Amino acid sequence: MAARIWMILAVFVALSLSLPSFSSAKDLQIVNAERRIDLSSHIVKAFLTLKVENIGKDPAGDMLLAFPPTQIKHLAMVQALAITGKKKKKTYLPLDVKPSEQPDAPNDTGYFLVSFATPLSPGETVTLEVLYILTHSLEPFPMEITQSEAQLVYYRDSAVVLSPYRIKQQTTFFKTPSARVESFTSIEPANRAGKEIKYGPYEDRTPYSYAPVIVHFENNSPFAVVEELVREIEISHWGSLQITENYRLTHGGARHKGVFSRVDYQSRRSISGSSSFNALLAVLPPRVNSVYYRDDIGNISTSHLRTGFKKSELEFEPRYPLFGGWRATFMIGYRVPLEDYLFEAADGRRYLNFTFGCPLVETIVNKLTLKVVLPEGSKDPSVVLPFTVNQDLQVKYSYLDIVGRTVVVLQKDNVVPTHNVPFQVYYTFKPIYMLAEPFMLVSAFFFVFVASLAYVHIDLNIVKK
């Protein structure tokens, strides 16, 4: 009987240890919260500074960040840093942030779990810097504008920070791209000075407090949205990487209505078509060569390339300016030296070190597909990325291939410039496979030579002369 009781206790302890442990909302409180929301472009960036205190009796290893359901579906990235030291001696320590589901979430609130570097002891405080990025969160109003009208947008949020913890003091700032603000919700204390709207400070707010606000303002920044981007990186062990990028671009702002006047657009650019854009900037790797820019019609000559030691910049123009709802498709291709991006690991494997994301500046990518074409004969590919993506393997056949080339396919939605970080693709490769294609060429020439020699020397006549 005693043995059975001990067995039940052991199972209970094992189950309790296997379950994820979250710090209770009663164990933590936010002493001060300051949130700054940058609305200067169509990519909304929010910077949140939190001073968190453990008021419980046990150490706390993590905390929750809460987001309303209207923001969860537009969240592109959430990052958190722990700040130690003061002023010039400050150090920033990256923290692990991952989505979390809570069974008792009110009103479909979404959560992200932030794990502290070291457990927060009772009575101890820690300061966190949180960055979260929202896409497609600015609503054009009016939804349709003429060529001569400026673009006005709505932004919806809360004057107070949504949190499962009590917040003793907090302030929220909204920064608009211009001083033209049509209206904003007033929740005292609230005031506006130039491009900045301030809400707060608010004292002693209970968990899950929410105060909806709407800001209606002018935003003529380029609403460049890539509906789909397919990047293909082909590795050749004979000396180079070939990169091909296929874009399907659209203007995601207020839709254009009426006729388009090229004369007005050229003569009064600052007034006529202020919300449109006719030029883009792509940041490419250094030492690029064989750069081309074309579409379905053919080569486009309106581009300029600047190369440097750290990066290269390609300025280019579509065939026509893009207004709200207009689309354009095009292709960019280039080569880079192999020795800058392909290396050999300590275990003998080779790995590609390249940049994920989209090279276009201040652009949202709704769907990004990145394909890494490995040399024929490569095996056991694996990918290292700091965030989660969908992965798949395909096979591609090229010139003189026998078994085909392995293609590592990475797919991610809602990509922003913050996702432009290095990633690695590891694989095994035997150098003997490099001789396969030259051997096939030599064999083909040898076969043709032998066949020609035989044809010349063999007598095919039926009757002897």
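One cavity of 30 Å³ or more was found in a search of the whole structure, a cavity being a set of points on a 1 Å grid over the protein atoms alone where a 1.4 Å probe fits but cannot get out. The structure is a predicted model, in which local features need pLDDT of at least 70, side-chain atom pairs count only at pLDDT 80 or more, and totals for chains, interfaces and linings use all residues. Residues are numbered from 1 along each chain as its sequence is written, and side-chain values use heavy atoms, with hydrogens and water left out.

The largest cavity holds about 160 Å³ of space, a volume being the space filled by probe spheres set on the grid points, which are joined across faces, edges and corners. Its lining (residues with an atom within 4 Å of a point) comprises 19 residues, with Leu 48, Ala 66, Phe 67, Val 161 and Leu 162 nearest the centre. Strand E3 (strands are DSSP runs of at least two residues, numbered from the N terminus) supplies the largest share of this lining, five residues.

The largest pocket (an open set of points with protein on both sides within 12 Å along at least five of seven lines) encloses about 770 Å³. Among its 28 lining residues, Val 78, Val 97, Pro 99, Phe 112 and Phe 387 are the closest to the centre. Strand E4 gives the most to the lining of this pocket, with six residues.

Asn 414 lies in strand E30, which spans residues 405–415. Asn 414 is buried (under 20% relative accessible area, 1.4 Å probe, protein chains only), at 14%.

Note on methods: Helices (H or I, at least four residues) and strands (E, at least two) are DSSP runs, numbered from the N terminus. Buried means under 20% relative accessible area, exposed over 50%, partly exposed in between (1.4 Å probe, protein chains only).
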